[in-house]
Amino acid sequence: MNKQEAADKLINMFGNMNIIGVLHSILVETSKYIIIILFAIYAWHCFTVFIGGDREREERVYKRQQKIMFGIHFIAALVLFLNSIDIKILIYYVCQLVLLIFMCKAYPYVYKGMSKLILNNMMMLLCIGFIMIERLGGNDIIRQMIFVAAIGFISLFIPLLIEKFPYFDKFGVFYAIIGIVLLSLVFIIGKEKNGSRNWIIIGSFALQPSEFVKIIFVFFAAAMLARVRNFADVVKVSIPAAIHVLILIAEKDLGGALIFYITYIVILYAATRKEGYILLGAGALAAGAAAAYKLFYHVRVRVAAWKDPWSDVANKGYQVTQSLFAIGTGGWFGMGLCEGTPQKIPVSKTDFIFSAICEEMGVFFGLCIILVEISCFVMFINISLKINSRFYKLTALGLSVEYMFQTFLTIGGVTKFIPSTGVTLPLVSYGGSSVTSTMILFAIIQGLYVKNSGRGEIGETDGKRQRRSRRNED
């Protein structure tokens, strides 16, 4: 339903009153500023919540963040409804509200001593994704909500699984075999989509195995590298890791291959503390990039579009130029929800959703998204540093790098900072495989923190935690 049809409905309901149109315009125009201010406050709290080490203040900040999230969600849903007068918008809103409230209540109950900042950030990013996917139209929002609800429920069992099964570090070879088999399935039953043969499509159901293998790959690398003693051990681990990457390259999923590769190099360095592996990895990456440029036509197209998209706006540079047009049109404060034309951006619900957000909600809002993503990464790294187990420490580090590097590739690609790699924005972009694997990633890190880092929040220092423990004993 377009805006004219919505206006006709309003006229039929209230008569041809100019005041209705004026109020509608005022609401749409002011809503974007309210949303931006609220989100800026939320992002600010992500980095100031631990100042002073006051536990009661931290709890107040967490609750304030949740109120801000629900406020942004309500305002956006109201604007979407007034621009469509479609009862389905209200149904979607109620379903999403129930889902978010369930997460607010159930997760702290199951994840005793969890990081509430990470939980809030996860829900906020999911909320932004719901808003934009719904805004861009179609039935994709229904599927996204179903996937989030399903994996949100399943994630409640992850802490129990981590606690009751302490042998995850014993199956390094098994993880490697499972990962290679799952990635190889696409050569048998896979389909090509957007230039990459990395999808398994059965009817209307599409699955991207590499999204799930990302997590298995980290468990493999952490389990094997936690035990390395010499260069021969490193070579033995690097061979199956290289097979993972080569399979992804053969599938033409170069974005996925890059994520796997960088993650492995970081885990390898953390496990060995030898700078030579970083230099060797950088050299291999440069050689691999040059080879990919020579071997794959779509890589040459993306590089050409990155270097000079304006020379062929109608063809090779179309994606990038539409993305830049959208971001530039939106400016700092955006056109307003439903006031832009983000549907003109190719794959605006998945790879280029950040551009769609910037067009209608503003570059300032987009910068706040980046700050929230960075906040998640900082918390993940802190959690990794607090974990005592070598295996779990490397696991948390690997998952952290995967998450942040994928975010960098997505935003860097749509802003022309780097060539587009065709990866999604975690938790925000549409995609069952992407949102499922990312929510599992968040749940695993939370579960590892609860199991291995005590009951205090990451923001506390060890001294503060010890003093608080002594006060409780007194």
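Reader: Where does Gly336 lie in this model?

Author: In this predicted model, Gly336 is placed in the loop that runs between helix H15 (318–330) and helix H16 (353–361).

Reader: Why is Gly336 called buried?

Author: Its relative accessible area is 1%, and the word buried applies under 20%, so Gly336 falls in that class.

Reader: Which residues does Gly336 touch, not counting residues up to four places away in sequence?

Author: Gly336 touches Lys32 and Glu360 on that count, which calls for heavy atoms within 4.5 Å. As for Ile357, which stands 21 residues from Gly336 along the chain, the C-alpha atoms of the two are separated by 9.8 Å.

Reader: How do you know that Asn120 is buried?

Author: Asn120 has a relative accessible area of 2%, and since the limit is under 20%, the residue is therefore counted as buried. Asn120 belongs to helix H5 (residues 116–135), and, with its neighbours within four places in sequence left aside, Asn120 is in contact with Tyr42, Tyr62, Gln65 and Gln66.

Reader: What makes the span of helix H4 agree with its number of residues?

Author: Helix H4 (residues 87–110) has 24 residues, and the expected span is 1.5 Å times one less than that number. This gives 34 Å, and because the end C-alpha atoms of H4 are 35 Å apart, the two values agree.

Reader: Which residues of H4 are buried, and what covers them?

Author: The buried residues of H4 include Ile89, Tyr92, Tyr93, Gln96, Leu99, Leu100, Met103 and Tyr107, and their cover includes helix H3 (55–82), H5, helix H6 (140–154) and helix H19 (432–452). At the start of H4, a side-chain oxygen of Asp86 comes to within 3.1 Å of the backbone nitrogen of Lys88.

Reader: What makes a set of residues the largest nonpolar core here, and which residues have the most contacts inside it?

Author: A nonpolar core joins buried residues of kinds such as Leu, Met and Phe through side-chain atoms within 4.5 Å, and the largest such set has 125 residues, with Phe39 and Met439 having the most contacts inside it. H5 supplies the largest share of this core, 14 residues. A second core, separate from it, has five residues, including Ile259, Phe405, Leu409 and Ile418.

Reader: Which residues are in contact with Met439, leaving aside its neighbours within four places in sequence?

Author: Among them are Met103 and Tyr107, together with Met122, Leu126, Val148, Ile151 and Leu427.

Key:
Residues numbered from 1 in each chain as written. Predicted model: local features only at pLDDT ≥ 70, side-chain atom pairs only at ≥ 80, totals over all residues. Heavy atoms only, no water. Helix = DSSP H or I, 4+ residues; strand = E, 2+ residues; numbered from the N terminus. Buried < 20%, exposed > 50% of the residue type's maximum accessible area, 1.4 Å probe, protein only. Polar contact = N/O pair within 3.5 Å; in protein donor to acceptor, adjacent residues only side chain to side chain.
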